[in-house]
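This note sets out several points for a colleague who is reading the structure alongside its sequence. The points are numbered so that each can be checked in turn.

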Amino acid sequence: MLTCVLAAICWQGTVQARNTKLVLPVGPVVSPKIAQQAPAAEGSAAAGSGDMAFVFGSAIPEGMAVLPGEIVVRGEIQPSFKNGYEDDIVCNKALKQALVYLVQRARVNGANAVVGIVSYYNHGAIMDSVSDYECHAGATRAVVDLKARLARVEGLGASAGQSPQPAAAPAVVPAAGNATGKN
């Protein structure tokens, strides 16, 4: 009997944390209409004014003055079990949060475009896609890591220190190819 009690006390079962990799389309989060409004979250400094362009995929379209360096951001959302959020819904919210952080960084640096946006989970493997992003969902959170570059596009809204101009370029620019623009 004592042996059974000791075995039960000392036995540590293995805990299996869920880490489900999902590849989801960016469209539901960054449609042209939403992108023109620049994604904003409650309490964020990212206000919607149609002055920010997003380019998914590592290829950077011509005509963009790319600023030096890369930035890495993480969108992380805890699922609400009370509301019964599904992985894809929580992942979309994590992507939106990451995009808000990219917009904030762009504005601080005087940029009006975020280009070369690729998934960069745990600062490891890059998932390069013009239409999809990678999210990792578990029981306690959903995580979207993005790596991108900042750029300036002539005639696209207002970047820091400039007067507002009408938007002349689409808010979501599909990039083709696999060119990388690393510093």
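1. A cation and a ring. Lys147 lies over the face of Tyr120, 4.3 Å from the centre of the ring. The model is a predicted one, and the position of Lys147 over Tyr120 should be read as a computed feature of that model. Pairing between aromatic rings is another matter: the count of aromatic pairs comes to zero.

2. Overall organisation. The chain contains three helices and seven strands. Read from the N terminus, these elements follow the order α-β-α-β-β-β-α-β-β-β. Of the 183 residues in the chain, 42% are buried. Among contacts with a separation of 6 or more, 78% are made by residues 24 or more positions apart.

3. The disulfide. How many disulfides does a search of the whole structure find? The search finds one, and it joins Cys91 to Cys135 with an S to S distance of 2.0 Å. The pair links distant parts of the chain, since Cys91 belongs to helix α3 (residues 87–108) and Cys135 to strand β6 (residues 132–137), 44 residues apart. A disulfide is a covalent bond between the sulfur atoms of two cysteines. The torsion about the S-S bond of Cys91 and Cys135 is about -75°, and the disulfide is therefore left-handed.

4. Burial of the two cysteines. Are Cys91 and Cys135 buried or exposed? Cys91 has a relative accessible area of 0% and is therefore buried. Cys135 also has a relative accessible area of 0%, so it is buried. The cut-off behind both statements is a relative accessible area under 20%.

5. Strand β2 and its partner. Strand β2 spans residues 53–56; Ala53 and Val55 point one way from it, Phe54 and Phe56 point the other way, and all are buried. Three bridges join β2 to strand β5 (residues 113–119), and the two strands run parallel. Within this pairing, Ala53 stands opposite Ala113 of β5.

6. The nonpolar cores. The largest nonpolar core has 32 residues, and those with the most contacts inside it are Phe54, Leu99, Leu102, Val114 and Leu146. Two or more residues are given to this core by each of β1 (20–25), β2, β4 (71–77), α3, β5, β6 and β7 (142–152). Helix α3 gives the most, with nine residues. Apart from this core lies another, of seven residues, among them Ala53, Ala113, Val115 and Val153. In soluble globular proteins, nonpolar side chains tend to be buried together. Strand β2 may be followed through both descriptions: Phe54 is named in the largest core, whereas Ala53 is named in the other.

7. Leu150. This residue is in strand β7. Its relative accessible area is 6%, so Leu150 is buried. Which residues does Leu150 touch, not counting residues up to four places away in sequence? They are Ala65, Val66, Leu67, Ile71, Leu102, Arg105, Ala106, Asn109, Ala111, Ala113 and Val114. The C-alpha atoms of Leu150 and Ala53 are separated by 10.0 Å, while the two residues are 97 residues apart along the chain.

8. Ala148. Strand β7 also holds Ala148. With a relative accessible area of 1%, Ala148 is therefore buried. Leaving aside neighbours within four places in sequence, Ala148 is in contact with Glu70, Ile71, Leu102, Val114, Val115, Gly116 and Ile117. Its C-alpha atom is separated by 8.2 Å from that of Ser58, a residue 90 residues apart from Ala148 along the chain. Leu102 and Val114 appear in the contact lists of both Leu150 and Ala148, and each is named among the core residues with the most contacts.

9. The loop between β5 and β6. Asn122 is found in this loop, and His123 lies there as well. Phi of Asn122 is near 55°, a positive value in a residue other than glycine. Phi of His123 is likewise near 55°, again positive in a residue other than glycine. Asn122 has a relative accessible area of 48% and is therefore partly exposed.

How values were computed
Residues numbered from 1 in each chain as written. Predicted model: local features only at pLDDT ≥ 70, side-chain atom pairs only at ≥ 80, totals over all residues. Heavy atoms only, no water. Buried < 20%, exposed > 50% of the residue type's maximum accessible area, 1.4 Å probe, protein only. Helix = DSSP H or I, 4+ residues; strand = E, 2+ residues; numbered from the N terminus. Pairing = 2+ DSSP bridges. Disulfide = S-S within 2.5 Å. Core = buried A, V, L, I, M, F, W, Y, C linked by side-chain atoms within 4.5 Å. Phe/Tyr/Trp six-rings, centres within 6.5 Å; stacked < 30°, edge-to-face > 60°. Lys NZ or Arg CZ within 6 Å of the ring centre and 35° of its normal. Contact = heavy atoms within 4.5 Å.
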